[in-house]
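These are my notebook entries on a structure that I am reading for the first time. I record what I looked up, topic by topic.

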Amino acid sequence: MLYYRPIPRTDPARPEGALPLAGGWCWFDTVEVLARDAAPRLMPARDLPDEAMTRLTAPRAPIASLDMTAPQIMGILNVTPDSFSDGGQHFDPAQALAHAHAMTRAGAAILDVGGESTRPGAAPVQIDDEIRRTAPVIAAIRAEIATPISIDTRKTPVAQEAARVGANLINDVAGFTFDPALAPFASQHALPVCVMHAQGSPETMQSDPRYDDVTLDVYDWLGQRVEALIALGIPRGRIVVDPGIGFGKTQAHNLRLLQNLSLFHGFGCPVLLGASRKRFIGDISHTPQASDRIPGSLAVALGGVAQGVQILRVHDVPETRAALDLWRAVTFAAR
C-alpha cells in the first residue's frame with residue numbers, strides 16, 4: 001500500500017499547476033510517497049492517482065456550521081476535578097459558563113465540553129456523574145451563547161443528554177470503539193463526529209506505547225474507523241480525524257506525527273490537532289507546569305496550521321487567536 005503525504009506550502013509565489021490542499025490556505029505541487037516496505041520518494045502532485053488527488057484537494061464541508069476553509073479554534077472546557085492542565089478550575093457550573101463566554105469573546109469557534117479526564121492514568125467516570133457534570137453546563141451555554149458545542153465523551157447516554165440540551169458534535173477520544181451504540185446514535189441524529197486515535201485506555205496508554213511506524217499505523221487505524229463510520233451512515237463530510245497527540249505516544253511518536261500531519265488530509269476529512277499544553281511540550285521547553293506551556297503550544301499549533309490543519313483544540317484561546325492573526329498577516333500580506 002502506498003501513502004501520499006502532500007508537502008504543504010503557503011508562499012504567495014505559487015507556481016502554475018499547484019494544487020489546493022483540502023480547499024484551504026495551503027497548496028502543494030510535490031508529494032512524498034510512503035510505503036512500509038520501501039524508502040520514501042518524491043513525485044509531482046500532478047501524478048497522484050485520481051482518488052488520492054480528489055481527497056487531498058477537495059474543499060471540506062462545514063462541520064457544525066464551521067467554515068473549514070480557514071483555521072478554527074476549539075476552546076477546551078473541562079468540567080472535571082482532575083484534568084491534567086485545568087482540573088477543578090471550571091468544575092463549578094457558574095465558572096464554566098463564565099469561561100465559555102470568555103473563550104467565545106476571545107475567538108473560539110466551537111466549545112468542547114468534557115466531564116471525564118482522559119489524562120494518563122485517569123480512572124473512568126460513572127455515566128450519571130459525567131452527565132451531571134456536562135449536561136447542565138451545555139444547557140446553560142446554549143441558553144446564552146450561539147457558538148457550536150462539542151461533547152467530549154466515549155459514552156452514548158452522555159452524548160444523548162448533551163445533544164438533547166444543545167451539543168452539535170461528538171468528540172470521542174476512543175475513536176468510537178468504547179461504546180458500540182455511540183456511532184449509530186450520531187448517525188441517527190445527523191451529528192458530526194471527531195474520531196481520535198489512542199493506543200490503549202487513559203489508565204494504561206502511557207505505560208509502554210509501541211508502533212511499527214507510528215505515522216502509518218495511526219493513519220491505517222483512522223482509515224479503518226472512518227470507513228466503519230461511513231458504513232454506519234455517517235457521511236465522510238461529517239467526520240473529523242484527530243491523530244491523538246499524547247494518547248499512547250512517546251515524545252518521539254508525537255514529534256513524528258506532527259512532522260507528517262499533512263498525510264491525514266488523505267481521508268478527505270477535516271483534521272483536528274489537540275496538542276495544547278501536552279507533556280511533550282513541557283519536556284522540550286522545560287516547563288513542568290502545564291500553565292507555563294502556552295508558548296510551546298502556540299508553536300505547535302502554528303506548525304499544524306502550516307500543514308493545513310483546520311481545527312485547533314486549545315486551552316488558551318486569546319493567545320491562539322492572536323498567534324493566528326499574526327501568522328495570517330505575515331503569511332498572506334500583500335507584497
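**Entry 1: domains.** I began with the domain assignment of the protein, which gives domain 1 (1-59) and domain 2 (60-331). I note at the outset that this is a predicted model. Taken over C-alpha atoms, the centres of domain 1 and domain 2 lie 26 Å apart. I then looked up who takes part in the contact: 22 residues come from domain 1 and 30 residues from domain 2.

**Entry 2: the sheet of three strands.** I next asked in which order the strands of the open sheet of three stand. The order is β1-β4-β5, and the pairing is antiparallel. The edges are held by β1 (3-6) and β5 (38-44), each of which pairs on one side only. From one strand to the next, the twist averages 25 degrees.

I followed the pairings in turn. β1 is joined by four bridges to β4 (residues 30-35), and the two run antiparallel. Within this pairing, I found V33 in β4 as the bridge partner of Y4. β4 is also joined to β5, here by five bridges and again antiparallel. In that case V31 has M43 in β5 as its bridge partner. I add that β4 and β5 form a hairpin, with two residues between them. As a general reminder to myself, strands of a sheet pair through backbone hydrogen bonds, either parallel or antiparallel.

**Entry 3: the sheet of eight strands.** I turned to a second open sheet, which has eight strands in the order β11-β10-β9-β8-β7-β6-β13-β12. Its pairing is parallel. Its edge strands are β11 (239-242) and β12 (272-273), and each pairs on one side only. I looked up one pairing inside this sheet: five bridges join β6 (residues 72-78) to β7 (residues 110-114), and these strands run parallel. M74 stands opposite I110 in β7.

**Entry 4: the area between the domains.** How much area is buried between domain 1 and domain 2? The value is about 1,900 Å², and carbon and sulfur atoms give 59% of it. On the side of domain 1, W25, R36 and R55 lose the most area to domain 2. Together these three account for 38% of what that side buries.

**Entry 5: polar links across the interface.** I counted two salt bridges between domain 1 and domain 2. In one, the side chains of D217 and R36 meet, at 2.8 Å from N to O. The rule also finds nine residue pairs in polar contact across the interface, both residues being at pLDDT 80 or more. I then asked which elements give two or more residues to the side of domain 1 that touches domain 2. They are β1, β4 and α1 (50-57). The largest share of that side comes from β1, with four residues.

**Entry 6: the pair R36 and D217.** The structure as a whole holds 16 salt bridges, and I returned to the one that R36 forms with D217. Where in the chain do R36 and D217 sit? R36 is in the loop between β4 and β5, whereas D217 is in helix α6 (residues 214-231). The pair links distant parts of the chain, 181 residues apart. I close by noting that R36 appears twice in these entries: among the residues of domain 1 that lose the most area to domain 2, and in the salt bridge with D217.

How values were computed
Residues numbered from 1 in each chain as written. Predicted model: local features only at pLDDT ≥ 70, side-chain atom pairs only at ≥ 80, totals over all residues. Heavy atoms only, no water. Pairing = 2+ DSSP bridges. Axes fitted to C-alpha atoms, helices over the stretch in contact; angles between N-to-C directions. Domains from an automatic or database assignment. Contact = heavy atoms within 4.5 Å. Buried area = accessible area lost by both parts, 1.4 Å probe. Salt bridge = Lys/Arg side-chain N within 4 Å of Asp/Glu carboxyl O. Polar contact = N/O pair within 3.5 Å; in protein donor to acceptor, adjacent residues only side chain to side chain.
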